[in-house]
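Please open the structure in your viewer and keep the selection panel at hand. The tour moves from one selection to the next and says what is found at each stop.

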Amino acid sequence: MSESKNDPLSSKESQAVFDAFDTPEDRKLVRKIDLRLLPVLTLLYLLSFLDRTNIGNAKLFQNYNTALSIYFVAYVIFEVPANRFTPQLWLPTLTLVWGIASLAQGLVKNQAGLFGIRFLLGATEAGLFPGVIFLFSVYYRRHERSYRVAIFFGGAALAGAFGGILAYAIGKMDGVGGRKGWEWIFILEGLLLTCCSLAYLIVPTWSHEATFLTERERTRLLERLNADSDAGRQEAFEWFFVRQALTDHLVWAYALLFHGFAFVLYSLSLFLPTIISGLGFANWEAQLMTVPPNALAALSIWCTVWLSSRYNYRAPFIIGAAFVAIIGYIILLTGPTIASQYVGVHFAAAGVYTGNALLLSWPGENVSGQTKRAVSVAFQITLGDMGAIAGVLIYRPEFAAHLYRKGNIISIGYLLFAVVVTTYLWVWMAAENRRRDKIVAEDLEGDEYRLGDHSVRWRYVL
């Protein structure tokens, strides 16, 4: 780690911590944690995102947009309450219940049934993403988290790629057992999710109780975490920290940033088959042609976040991703040929998914205090997904003309809003880091434990 004012601690402290906790033994420990956390959690999120977006490959009944928005209403309601349960029990239980709900989507016979199932699906999936982000924060040091979040979130892009292939293949079962192809999509994916609830045996619990680590490894892990932040401390719940999170302007800014990107993320992922079909392709062709943009998005996430972690900056990469997506939407709207418009879809997907992967790890790195961080991460998703509700309602059939021109222009506006919020965060935190560099930490009076990220020793990742 270089000596820069963007380091979480002061430059000398940061260099010392890096040297002391980056030994071959530490790297072996991190690899062991990676192998235990990343495969199973990424698989769960891939299936979660596949499940919530495959309705885009299987439009059914009227009021399709209402069915989409009901899911996100439930997601928003249950987001914050779902983020403080024991992960080893909580995450697989959610998987089991939403697997059953997903399967039930293939059995519904009317709109009322579909609306009820979509609400249940949103409620059960609400705890997965913030729960995993918080779990990462109690296993990894701050500079180690963003790349793990990127690998995890890459499951969303891969879900888009696999979703198109699966929808095409399973759609061929139309008529089997007297059921339509779209019904089989939900039934088979629901069965797969239900089987994956066996993750009870794999998903770890909190770091200080991790049974897959030896006593020596747990001790070393907690030493690494305590030297870097508060992640290794066992913190009792206090409403003080909840209020601290909800009154912090940076927490609101992280949430508003995701609000801007979430509008575009979910409208693009849910309506991508429809948009591609609008280019003149048959529905089955459109499903297959969603694969390349989503595959590119996954590659873009992993490469960009690696660079972001390498240079320890988030804001410039988020802004860059937003402008890549904006260029994609402009090409989609103005491209002279179908091929050029399809290229625009690739740019849009790469920028949107990459920006989301970066911004979703940001509060987990910059918010100190376990309760405050848990609330902040969940609040970011809650307020952010209100943007998703707006997105799925704006991409309505009556606005479908010219490849959803109105919706795509609004998406550009949301991305520009996200750029403004990112700039605010970048400028404010950079100024605050400079201010804190001028303060002698020993002169500080007060309880640093309760100050959390307001302590002068704390440095924000920009």
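With which residue does arginine 218 form a salt bridge, and how far apart are the closest N and O atoms? In this predicted model, the partner is glutamate 215, and the closest N and O atoms are 2.5 Å apart. Select both residues in helix α9 (residues 215-228): because they are three residues apart there, about one helical turn separates them. Their surroundings can be compared next, since arginine 218 is buried with a relative accessible area of 18%, whereas glutamate 215 is exposed at 52%.

Stay in helix α9 and select glutamate 223 with arginine 220, which are likewise three residues apart, about one turn of the helix. These two form a salt bridge whose closest N and O atoms are 3.5 Å apart. Glutamate 223 counts as partly exposed, at 39% relative accessibility, and arginine 220 counts as buried, at 17%. Extending the selection to Asp26, Arg141, Glu144 and Arg224 shows the network of salt bridges that links these residues with Arg220 and Glu223.

The structure holds 14 salt bridges, and another one to display is the pair of aspartate 34 and arginine 148, with closest N and O atoms 2.9 Å apart. This pair links distant parts of the chain, as aspartate 34 lies in helix α2 (residues 24-53) and arginine 148 in helix α7, 114 residues apart. Both aspartate 34 and arginine 148 are buried.

Turn now to the nonpolar interior. The largest nonpolar core has 117 residues, and the members that touch the most others are Leu41, Tyr139, Phe153, Tyr329 and Tyr353. Helix α11 (residues 249-277) gives the largest share of this core, 17 residues. Centre the view on tyrosine 353 and display its contacts beyond four places in sequence, among them Phe49, Phe153, Leu265, Asn294 and Ile301.

Helix α14 (315-334) is the next selection; it has 20 residues and reaches 29 Å from its first C-alpha to its last, close to the 28 Å expected at 1.5 Å a residue. Its buried residues include Ala315, Ile318, Ala322, Tyr329 and Leu333. The buried residues of α14 pack against α11, α15 (338-359), α16 (362-366) and α18 (401-437).

Step back along the chain to asparagine 312, which is found in the loop between α13 (291-311) and α14. This residue has a positive phi of about 60 degrees although it is not a glycine, and it is buried, with a relative accessible area of 9%.

Then select valine 242 in helix α10 (residues 239-246), where it counts as buried at 10% relative accessibility. Leaving aside residues up to four places away in sequence, valine 242 touches Phe237, Thr371 and Val375. A distance worth displaying is the 9.1 Å that separates the C-alpha atoms of valine 242 and arginine 373, which are 131 residues apart along the chain.

The last stop is on the surface, where Phe162, Ile165, Leu166, Trp284 and Leu288 form a nonpolar patch with about 430 Å² of accessible area together. Both α7 (142-171) and α12 (283-288) give two or more residues to this patch, and the largest share, three residues, comes from α7. Finish by selecting leucine 288, which lies in helix α12 and is partly exposed, with a relative accessible area of 30%.

Key: Residues are numbered from 1 along each chain as its sequence is written. This is a predicted model: local features need pLDDT of at least 70, side-chain atom pairs count only at pLDDT 80 or more; totals for chains, interfaces and linings use all residues. Side-chain values use heavy atoms; hydrogens and water are left out. A nonpolar core is a set of buried Ala, Val, Leu, Ile, Met, Phe, Trp, Tyr and Cys residues joined through side-chain atoms within 4.5 Å. Buried means under 20% relative accessible area, exposed over 50%, partly exposed in between (1.4 Å probe, protein chains only). Helices (H or I, at least four residues) and strands (E, at least two) are DSSP runs, numbered from the N terminus. Contact means heavy atoms within 4.5 Å. Patches are made of residues with over 30% relative accessible area and no salt bridge: like charges are joined within 9 Å, nonpolar side chains (Val, Leu, Ile, Met, Phe, Trp, Tyr) within 5 Å. Accessible areas come from the Shrake-Rupley method with a 1.4 Å probe; for residues, only the protein chains shown count as cover. A salt bridge is a side-chain nitrogen of Lys or Arg within 4 Å of a carboxyl oxygen of Asp or Glu. The expected span of a helix is 1.5 Å times one less than its number of residues.
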